[in-house]
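I wanted a quick pass through this one, metal site and charged pairs. My notes are below.

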Amino acid sequence: MTDQEEETIEDIIVARDLEKRFEDLTAVDRISFRVRKGEVFGFLGPNGAGKTTTMKMIQCISPKSGGTLEVFGMDVDAHPREIKGRLGVVPQETNLDPDFSAYRNLLVYARYFGIPKREAEPRAEELLSFMQLEEKRDVLIEKLSGGMKRRLIIARALINAPELLILDEPTIGLDPQARHLIWEKLRSLQAQGNTLVLTTHYLDEAERLCDRLVIMDHGKILVEGPPADLIRKHAGSDVVEAARTPEVVARLDRLGLDYDIAGDMLQVFTDSPHDVARELLEVCRHEAVMVRPATLEDVFLRLTGRSLRE
Amino acid sequence: MIDISSRVRSVWRRNWDAFIRTYRVNFIPPFVEPVLYLLALGFGLGTYVETIDGIPYPVFIAPALVSISVMYSSFFECTYSSFVRMYYQKTFDAIIATPVGIDEVIAGEMFWGATRGMIYATLMLPVLLLFGVVAMPSSLLLIPFSGLAGLLFAAIGMCFTAITPGIDALNYPSFLFITPMFLFSGTFFPLELLPEPIQYFALAVLPLTHVVTINRAITLATFSPINLFNLAWIVVATAVFFLLAIRLMRRRLIV
Ligand SMILES: Nc1ncnc2c1ncn2[C@@H]1O[C@H](COP(=O)(O)OP(=O)(O)OP(=O)(O)O)[C@@H](O)[C@H]1O
Ligand SMILES: [Mg+2]
């Protein structure tokens with residue numbers, strides 16, 4: 001993929017033929033990618049694609065089975081402590097400490113990094129206000145809503161002022177307000193020069209946040225690039241959707257246009273949507289034809305298929 | 001071989017902080033337990049037993065009460081409580097995402113388990129003094145020794161935690177290992193009353209036997225060379241189980 005590019009110190013993460021096998025299953029199948037300093041890099045893919053497994057190898061908590069993986073120019077097997085000290089982690093499964101309040105969660109976590117108390121205390125207050133959690137300062141974890149927990153776990157990931165943030169589904173299960181707040185915070189972190197790696201199932205989120213992303217499936221990287229490029233390349237500029245009737249199918253076949261089937265709808269990916277729509281309006285009621293810009297979701301579904309993963 | 005640094009302290013401190021936060025519930029048992037046992041067994045049953053080997057019955061069982069309390073608090077801390085932190089609260093997962101490694105998490109948990117035993121022994125001591133059933137100043141040795149004994153039971157507990165499929169399966173070591181020890185380790189009657197093979201069995205595989213023997217020497221202030229053998233047994237077993245627990249936990253948690 002990017003193996004031939006010359007190596008620069010600006011690469012925060014370099015993976016080559018990275019592989020992870022569990023007994024009889026290859027969860028990550030020889031993938032290669034580079035994450036550059038200061039960018040937001042996304043991992044997308046259906047359930048079980050291998051995103052979390054990849055994140056855990058970057059975090060040095062799950063040993064790789066093959067290939068090479070360097071973070072900050074250091075080998076993950078040789079320097080896990082140094083790497084972990086400069087990393088902030090938002091795990092997919094919330095693991096805040098239920099024995100403590102929001103504030104104490106941050107202090108206890110700071111101790112694991114060896115941050116002295118007098119530094120940790122002001123930093124914890126600062127992070128609570130950064131994530132708009134001041135009012136929940138002394139509240140136990142179980143009394144926080146899902147969105148507050150997610151915000152607190154982001155605050156916790158920032159306690160050691162990390163250069164690289166690994167966020168595994170940071171906005172899972174959040175309402176639109178909370179998601180927007182988190183996006184805003186992530187962007188401001190990027191503006192401060194941090195590098196962010198995130199996974200998400202919200203494709204609009206990936207489209208907004210990521211400078212570059214990969215789409216994974218079955219442990220392999222299918223495509224890599226900036227969202228706009230991927231859309232242009234794999235879906236075209238626009239999508240014409242029409243009811244799936246025999247007349248529409250016949251017309252499309254006659255025009256020699258490819259289409260995807262999505263339930264009772266047909267989708268035509270095209271760079272000339274108006275011409276296609278005009279043709280289809282001749283055989284359809286006008287409400288049954290819709291033109292919209294192509295999105296990352298279209299790319300995702302085209303590449304990974306529409307069938308559900310078990 | 002094992003990768004441990006001063007970072008162990010941060011794991012220990014986490015548990016200490018959580019313990020202090022709920023100190024009211026945590027500090028009651030060590031005061032209440034010895035009172036109940038001494039009243040029921042020492043002075044109730046003791047009316048009939050009167051003396052064992054010339055020792056008044058309450059004085060005979062006092063060191064056993066400390067030993068049992070240390071065993072229970074350290075063992076249960078590193079079985080049920082550690083399992084909850086590991087499996088349900090995902091606390092270990094959260095910690096190993098920091099520069100603290102898995103070996104340090106497990107070691108910190110075991111040192112904490114030992115500390116709990118030590119806290120219990122320390123809190124029981126004034127109660128036992130009040131009842132006049134332990135000698136001073138030798139009984140002050142109960143405190144440091146409970147740290148070692150606690151580490152032994154914590155490490156044994158952690159081995160079970162590392163291999164248990166679920167929290168319910170921890171009932172097996174509790175009933176099949178801890179409960180028999182509670183009864184057959186020279187606690188409430190001398191080991192010598194048991195058939196000889198069982199005596200040897202107890203000395204060989206029931207750690208509490210050695211702990212009770214030493215604690216009894218401490219509270220009666222009558223030491224003998226045999227106690228050095230007891231001590232050696234405990235030190236070796238502690239080292240073995242401590243390393244084994246870390247090994248087993250690595251196997252469980254590093255995937
Ligand atoms: N500890 C493990 N032991 C065995 N198999 C595992 C383990 N962890 C993950 N897997 C398997 O590896 C594959 C990839 O899982 P992973 O969690 O990386 O997927 P994911 O892309 O993060 O999915 P999701 O979107 O559902 O979070 C899955 O098939 C999963 O069952
Ligand atoms: Mg995942």
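These entries go through the metal site and then the salt bridges.

Starting point: I'm working with a predicted model.

Metal site. I looked up what holds the magnesium ion (ligand 2), and found A:Thr52 through OG1 and A:Gln92 through OE1, at 1.8 to 2.1 Å. The two sit 40 residues apart, with A:Thr52 in helix H1 (residues 51-58) of chain A and A:Gln92 in the loop between strand S6 (87-90) and helix H3 (102-112). I checked accessibility too: A:Thr52 is partly exposed at 22%, and A:Gln92 is partly exposed at 33%.

Salt bridges. My search of the whole structure gave 33 over all chains. I picked out a few.

Within chain A, I noted A:Glu19 with A:Arg21, 2.8 Å from N to O. A:Glu19 is buried, at 14% relative accessible area, while A:Arg21 is partly exposed at 44%.

Across the chains, A:Asp99 pairs with B:Arg14, with the closest N and O atoms 2.7 Å apart. This one runs from the loop between S6 and H3 of chain A to helix H1 (residues 8-21) of chain B. Which end is buried? B:Arg14 counts as buried, at 1%, and A:Asp99 is partly exposed at 22%.

Back in chain A, A:Glu121 and A:Lys117 form a salt bridge at 3.9 Å. Both lie in helix H4 (residues 117-130), 4 residues apart, about one turn of the helix. I have A:Glu121 as partly exposed at 29% and A:Lys117 as exposed at 60%. I also logged a network, in which salt bridges with shared partners join A:Arg81, B:Asp3, B:Arg7 and B:Glu104.

Note on methods. Residues are numbered from 1 along each chain as its sequence is written. Chains are lettered from A and ligands numbered from 1 in the order in which they are written. This is a predicted model: local features need pLDDT of at least 70, side-chain atom pairs count only at pLDDT 80 or more; totals for chains, interfaces and linings use all residues. Side-chain values use heavy atoms; hydrogens and water are left out. Donors are N, O and S atoms within 2.8 Å of the metal (3.2 Å for Na, K and Ca); water is not among the atoms, so sites may look incomplete. Buried means under 20% relative accessible area, exposed over 50%, partly exposed in between (1.4 Å probe, protein chains only). A salt bridge is a side-chain nitrogen of Lys or Arg within 4 Å of a carboxyl oxygen of Asp or Glu.
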